[in-house]
Amino acid sequence: MAESLEERFEQWKARTLEPAIAKVPECADRTATVSGVPTDGLYLPEGHGNDAATEAYLVAQGFPGEFPFTRGVQPTMYRSRFWTMRQYAGFGDAEETNERYRFLLEQGQTGLSVAFDLPTQIGYDSDHALATGEVGKVGVAIDTLADMEILFDSIPLDKVSTSMTINSPAMVLLAMYIAVGEKQGVEASRLTGTIQNDMLKEYIARGTYIFPPGPSLRLTTNIFAYAAELMPRFNTISVSGYHIREAGSTAAQEVGFTLADGIAYIDAALSAGLDVDRFAPRMSFFFGAMTDLLEEVAKFRAARRLWARIVKERFDAKDPRSWMLRFHTQTCGATLTAQQVDNNVVRVAIQALAAVLGGTQSLHTNSRDEALGLPTEEAVQLALRTQQVIAHESGVAHTVDPLAGSYCIEKLTDQVETEAAAYIEKIDEMGGMVRAIEQHYPQNEIEQSSYRYQQQIERDQRIIVGVNRYATEVDVQPEILTVSEAATRRQIDRLSEVRGRRDSSEVTHTLTTLEEAARSDANLMPLIVDAVRAYASVGEICDALRRVFGEYEEHTM
Amino acid sequence: MRKLDQAGQQDLTSCTVDAHPPKRILIGKVGLDGHDRGAKFLIRALRDAGYEVIYTGIRRTPEQIVQTAIDEDVDVIGLSLLSGAHNQLFARVAELLKEEGVEDVVLLAGGTIPEKDVPYLEALGFRHVFTPGAPVSEILSALQQELSSRE
Amino acid sequence: MNELVNKLRQGNRRALARAMSSVGATGHAESSLEVCLRESTGQVPWWGFTGPPGVGKSTLLDALLVHLREHGRRVGVVAVDPTSTRSDGALLGDRVRMMRHAVDDGVFIRSLATHGHHGGLSDATLHCARLLELAGYDPVLIETVGVGQNEVEIRSVADLCVVVLGPGYGDDIQLVKAGLLEIADVVAVNKCDLPEAQRLVNEVRQEFAAAARDIEVVAIEAKSGNGVPELLQRLFELDRARRTETAEASRGRRRTLGEIRRRTEFSCRQALGRAMTGPEVEQWITKLNRGECSLATVISRLAALALAELQQEADDG
């Protein structure tokens, strides 16, 4: 006779729960409701104790911290430690952004998330013609190591984990982070954080590409290989569904296309000769959270289960850490409206709750004024407070995967998983994600979903409060933050000052070496670290690579 | 020439005489942001409303936008930008149009544009400024008004 | 009008663009500009590009423009996209792939919609190509969507036809391909980085061999530019052959013939449409259904009515 669920539960406690608690104990204030009723960390199905039901439960859900991780990647989840509250921030130049980071850390934020401006993301220096008007606008402008030193001034890199939203020039910014660490006396092996480094979704949805897919994938896997040796605590990729969702996809498309991207990265790394269990544990994910709370919770659960199965069964990974889908969540910016901006606070609260109920590892909550421009300090603080209220007051952190077993949630989880798996199968048939992108398959699917969604709004079949119903005549707009022209000038001045004082022969030497190596199949990461140390700029390094790899141009209607 | 709009025409032939050819619109994305969800929705809606739409794709310079608008002889230019660089880049488009002596084109602006920038853009010649959440019906009716007032 | 022609001949882009909007806008009446265009063009061969939607025609044109510019040629492009069947609107999406040439003084791209001319060419295509030739662009490239029955139309306008094919465009590709191959002077098979493309190259070559036609099939990859210089060499050869004097005469003749045919068809269809709405039609239907007259009789009566309509229109004009 098969073991009962109770027996399996006891085994899980001994095998998974207790070692975890020994490492990070549960917090005493998360073990009872506000009325004093004790709450368990984990609830299991009751009252249908036959073998088939037990087996079905174990296959579909299992225990948190164990395959297939439907219920979460850690056995205690937030009972021991809240998710990382990580507000994406950056604007103007490094000085201004450094000030904002220090403010956020003082306010109780537990990790940093760097937003770079568009010229940095596309590999143009601040004085490039195409950077006109864009310097410091959607993030901080970084040209050389000198900027990065200012950005992390008085922020100890051995204590704070940093997420960097950077893709095409990911190597350059990671190299700068390593170099800043060196200057602070923190070795690369002790650095923690995440680099987005997800190029495929740039072609699908986000648009900040530089190089064609082939060279881009090479750079991605170069980072995998480098970090596997030297940066064991750093997440080397954040495979991103967020931007796919923001472009208008459905929940199942978000999961399907993101995991298909993940599969392409594993394939690329395997063909570069890496061992799956060496890099897969350092892969992380990034999803959006919409306001449709139940579907979102189901989506996160489905993504975990599907990914675990893929990595274990398709790629034969042995290390359980390879199977875990760990993810960051950001509330979806496209749901914010310029009309009645205070409504955005409510939307963000629901979206954040969905992420927490879905078991996110870290969370960014949007500020209410982001449909109008950059968030003010006050608005960012309110967004952070939203997370803190959910963490400390709502009680949802007391129990792992609290919505499990809900008929609705379980059914939705199955549906999202099935639909996402069908997308992955279709992409496999097309010869993988790179081929599918070339044929515009994911782009077209997303566009159709987006069009449908917008049509529903236009036809009032879908209500957006304050926009197509309950609209008001007069809309009061709050103050918003403006990037000062002074910051732009300061940035350009600093760049020319750095160019003046650095050893230009060293810059030329490191750039020539890099360009040569780009023509071979060498790992470019160590060479980029050298160039960065010599204060070569983001634009100069990317130009060296452009000369070898060419540039990607893709425009569809 | 006789009018062709009697019933029974359409099933035989879809040919029409271009007494009133469709208006031509250029939708352009200046600057570096890749957020084209709104622009892509809009171009379809404009097509369905009977306009001929030319879309530039992302990451275009003001020079590319203006030259394209001239070559395609469009009636309307709609610019979209979400990074906040509108004051500089939209101004540059307006300036180039002036330099080229193009004065009869309707200019529209869209994107994450704070209210306080609207007067500046209007002074540059932008007839309407649309922000996130603006329904397409609003854009279409503004457009129709602009075009009919010019006829 | 003369001033406009002078301006556009001197390279004034705005004048050229404006002329493109004005020409043909008056419907059936001939403007003096149209007459002038017919008289003063015919020296430059036009290159037509057709093939299934999504096969990469615009990307190929984009790559060709790079090479043609390197050869010092000033290039005009007319890119035709279908008008929506639901509205009079259209998404003119070809030039989005050629945007890097937008600020090049030696390239002029004009996007057109098909209007009522189901997937084929509108009169505007002919006018715009003539204007480009008049403004000194050489060669003039014309891109059209090749679907269904309208492939022949490009043949009547373009002096040499490039048919662009690629692997993986649905089950109807065979049908489309068959029609397209008839009109090809050269075939470019795109996406030759894919293994299926090589199969397609072989297949097309076999078809030409079986038909004893000496048509070159060039494997290209428009995106990377592979094979594009080879294609261009072939186009230059064909272009040279077509620049002989006899060819020039027949070129002007063919364009005018095509124009006459398109206009006549258009007018006949319009006239027939009007004839069909006449009160006699109901009686004929009844008679035909009762077997009181033959279909041939109805046809000849209708045709006579349509002709009378046309005559009336000419008299009115």
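Me: Before we look at a helix, what makes a residue count as buried?

Reply: A residue is buried if 20 or more other C-beta atoms lie within 10 Å of its own, and exposed if 12 or fewer do. Keep in mind throughout that this is a predicted model.

Me: With that in hand, how many of the ten residues of helix α2 of chain B are buried?

Reply: In helix α2 of chain B, residues 62-71, eight of the ten residues are buried, so the helix is largely enclosed by the rest of the structure. The buried residues are B:P62, B:I65, B:V66, B:Q67, B:T68, B:A69, B:I70 and B:D71.

Me: Which elements do the buried residues of α2(B) pack against?

Reply: Within chain B they pack against β1 (24-29), β2 (52-55), β3 (76-81) and α3 (86-99), and from chain C they meet α2 (13-22) and β4 (107-113). After α2(B) comes B:D73, whose phi is positive, near 50°.

Me: What is the strand order of the open sheet of six strands?

Reply: The order is β5(B)-β4(B)-β3(B)-β1(B)-β2(B)-β3(C), with parallel pairing. Because β5 (126-130) of chain B and β3 (90-92) of chain C each have a single partner strand, they stand at the edges, and one side of each is left without a neighbour in the sheet. Neighbouring strands are turned by 20° against each other on average, direction ignored. As a detail of the pairing, strand β4 (residues 106-111) of chain B joins β5(B) in the parallel sense over four bridges, and B:A109 stands opposite B:V129 in β5(B).

Me: How should I read the packing of helix α12 and helix α16 of chain A?

Reply: Two packed helices are described by the angle between their axes and the distance between the axes. In chain A, helix α12 (residues 293-314) and helix α16 (residues 407-429) pack at an angle of about 55°, with their axes 8 Å apart, which makes α12(A) oblique to α16(A). Their crossing is right-handed. On the α12(A) side the contact includes A:L294, A:V297, A:A298 and A:R301, while on the α16(A) side it includes A:I409, A:L412, A:V416 and A:E417. By class, the residues of this contact divide into eleven nonpolar, one polar and five charged.

Me: What does the side of chain A that touches chain B consist of, by class?

Reply: That side of chain A has 15 nonpolar, 13 polar and five charged residues. In the interface, 33 residues of chain A are in contact with 26 residues of chain B. Both α4 (118-121) and α18 (441-458) of chain A supply at least two residues of this side, and the largest share, five residues, comes from α18(A).

Me: Is A:D401 buried or exposed, and what is its phi?

Reply: Most residues other than glycine have a negative phi, and most peptide bonds are trans. A:D401, although it is not a glycine, has a positive phi of about 45°; it lies in the loop between α15 (377-392) and α16 of chain A and is buried, with 22 other C-beta atoms within 10 Å. C:A212, also not a glycine, has a positive phi of about 55°. C:A212 sits in the loop between α8 (195-210) and β8 (216-219) of chain C, and counts as exposed, with 6 C-beta neighbours inside 10 Å.

Me: Where are cis peptide bonds found?

Reply: One runs from A:F67 to A:P68, with omega near 0°, and A:P68 lies in the loop between α2 (51-60) and β1 (84-85) of chain A. Another joins C:D138 and C:P139, with omega about 5°, and C:P139 lies in the loop between α5 (123-134) and β5 (140-145) of chain C.

How values were computed. Residues are numbered from 1 along each chain as its sequence is written. Chains are lettered from A and ligands numbered from 1 in the order in which they are written. This is a predicted model: local features need pLDDT of at least 70, side-chain atom pairs count only at pLDDT 80 or more; totals for chains, interfaces and linings use all residues. Two residues are in contact if their C-beta atoms, placed from the backbone, lie within 7 Å. Ala, Val, Leu, Ile, Met, Phe, Trp, Tyr, Cys and Pro count as nonpolar, Asp, Glu, Lys and Arg as charged, and the others, Gly among them, as polar. Axes are lines fitted to C-alpha atoms, for helices over the stretch in contact, and angles run from 0 to 180 degrees between N-to-C directions. Angles under 35 degrees count as roughly parallel, over 145 as roughly antiparallel, 65 to 115 as roughly perpendicular and the rest as oblique. A crossing is left-handed if the near helix is turned anticlockwise from the far one by less than a right angle, and right-handed if clockwise. Two strands pair if DSSP finds at least two bridges between them.
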